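Student: Can we go through this structure together? I'd like to see how the terms fit what's there.

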Amino acid sequence: MNELPNGVTFFERGWLSSNNVLIQDADQAVLVDTGYWTHAIQTSSLVASVLNDQPLTAVVNTHLHSDHCGGNAYLQSLYPSLRTYIPPGLAAFVDDWDADALIYTATGQHCPSFSRTGVFADGDTFLIGNSNWRAYSAPGHDPHSIVIFQEEDGILISADALWENGFGVVFPEIEGVDAFDEVEATLEIIQQLKPKIVLPGHGAAFNDVKGALIRAKSRLAQFRGSAEKHATYAAKVLLKFKLLDVQKIKYLDLCAWASSAGYLQLLKKTYANKSEFDVWVFELCKSLEKNGACLIDSQYIININ
Ligand SMILES: [Zn+2]
């Protein structure tokens with residue numbers, strides 16, 4: 001693994017919270033992404049453990065999924081002068097705090113409302129120390145996502161556009177909006193940037209970008225070949241996220257939660273129309289259990305890993 005330069009710290013989190021990148025010099029300290037809201041205290045402790053008495057000056061979000069900006073509100077309360085920059089696409093919904101438009105309702109997730117100072121859009125840069133960090137549009141997983149590249153050291157903050165093994169659920173596809181082409185275009189952009197080290201939104205940092213791109217493209221080809229495969233993946237990711245959040249839940253409560261999450265309703269209606277909703281949820285849980293992601297007993301679904 002290539003070392004990160006001084007002033008760049010990568011916090012690898014569990015899967016409920018996105019990873020965070022802290023970039024600092026003597027005057028500024030910028031945190032890219034802030035994790036899920038239930039981990040906000042942990043996020044702030046990690047930041048403080050590196051900054052000591054230096055204040056955090058800005059937050060930049062790669063996109064507005066709840067696991068990437070859930071700590072914004074808490075950090076804003078801790079650092080009153082904190083500036084917060086988000087990608088432009090959903091800025092109006094942040095200003096009016098519209099949890100439906102920000103898809104927190106449809107995913108059955110929560111994000112405490114926060115304010116934003118401005119947007120950080122494709123081509124925008126911030127300078128810290130002597131290094132420029134530049135935003136690139138990276139639609140696919142989320143239509144408004146950006147990735148952030150620092151050319152000098154070849155560091156890419158890839159959010160959920162590229163992980164060591166794959167990439168995040170392609171959310172527009174859940175709503176029937178084609179977005180696999182955008183995933184591919186974003187992978188092409190990453191390939192052209194030739195990063196030396198990738199700091200992904202989830203999972204470990206990695207240097208083998210070539211290998212990751214090959215795996216991501218093959219995953220994409222599988223999804224292109226079977227929309228159902230992607231739908232099942234998406235449904236399982238949403239269920240697993242809930243399990244990571246609550247750790248243990250009665251099966252009936254999980255079903256009640258799932259039926260309140262519009263995306264799960266939509267996936268069920270589109271891809272499993274004939275099954276009963278609760279049976280469909282149970283089958284997905286069984287598949288998660290088979291992959292070692294949960295345990296099912298007579299009453300409870302219990303998170304593992
Ligand atoms: Zn995401």
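**Pockets and a sheet**

Tutor: Sure! The largest pocket is lined by 32 residues, and those nearest its centre are W15, Y233, K236, V237 and K240. This is a predicted model: local features need pLDDT of at least 70 and side-chain atom pairs 80 or more, while totals for chains, interfaces and linings use all residues. Residues are numbered from 1 along each chain as its sequence is written, and side-chain values use heavy atoms, without hydrogens and water.

Student: What makes a set of points a pocket, and what makes a residue part of the lining?

Tutor: On a 1 Å grid over the protein atoms alone, a pocket is an open set with protein on both sides within 12 Å along at least five of seven lines, and lining residues have an atom within 4 Å of a point. W15 is one of the 32 residues that line the largest pocket.

Student: How do you know where the largest pocket lies relative to domain 1 and domain 2?

Tutor: Domain 1 (8-224) and domain 2 (227-303) both give residues to its lining, so the largest pocket lies between them. The bounds come from an automatic or database domain assignment.

Student: Which element gives the largest share of that lining?

Tutor: α9, with nine residues. Helices are DSSP runs (H or I, at least four residues), and strands are too (E, at least two), numbered from the N terminus.

Student: Why do β12 and β13 count as edges?

Tutor: The open sheet has the order β12-β14-β13. Two strands pair if DSSP finds at least two bridges between them, and β12 and β14 pair over three. β12 and β13 each have a single partner strand, so one side of each is left without a neighbour in the sheet.

Key:
1 Å grid on protein atoms, 1.4 Å probe; cavity = no way out; pocket = protein on both sides within 12 Å on 5 of 7 lines; lining within 4 Å.
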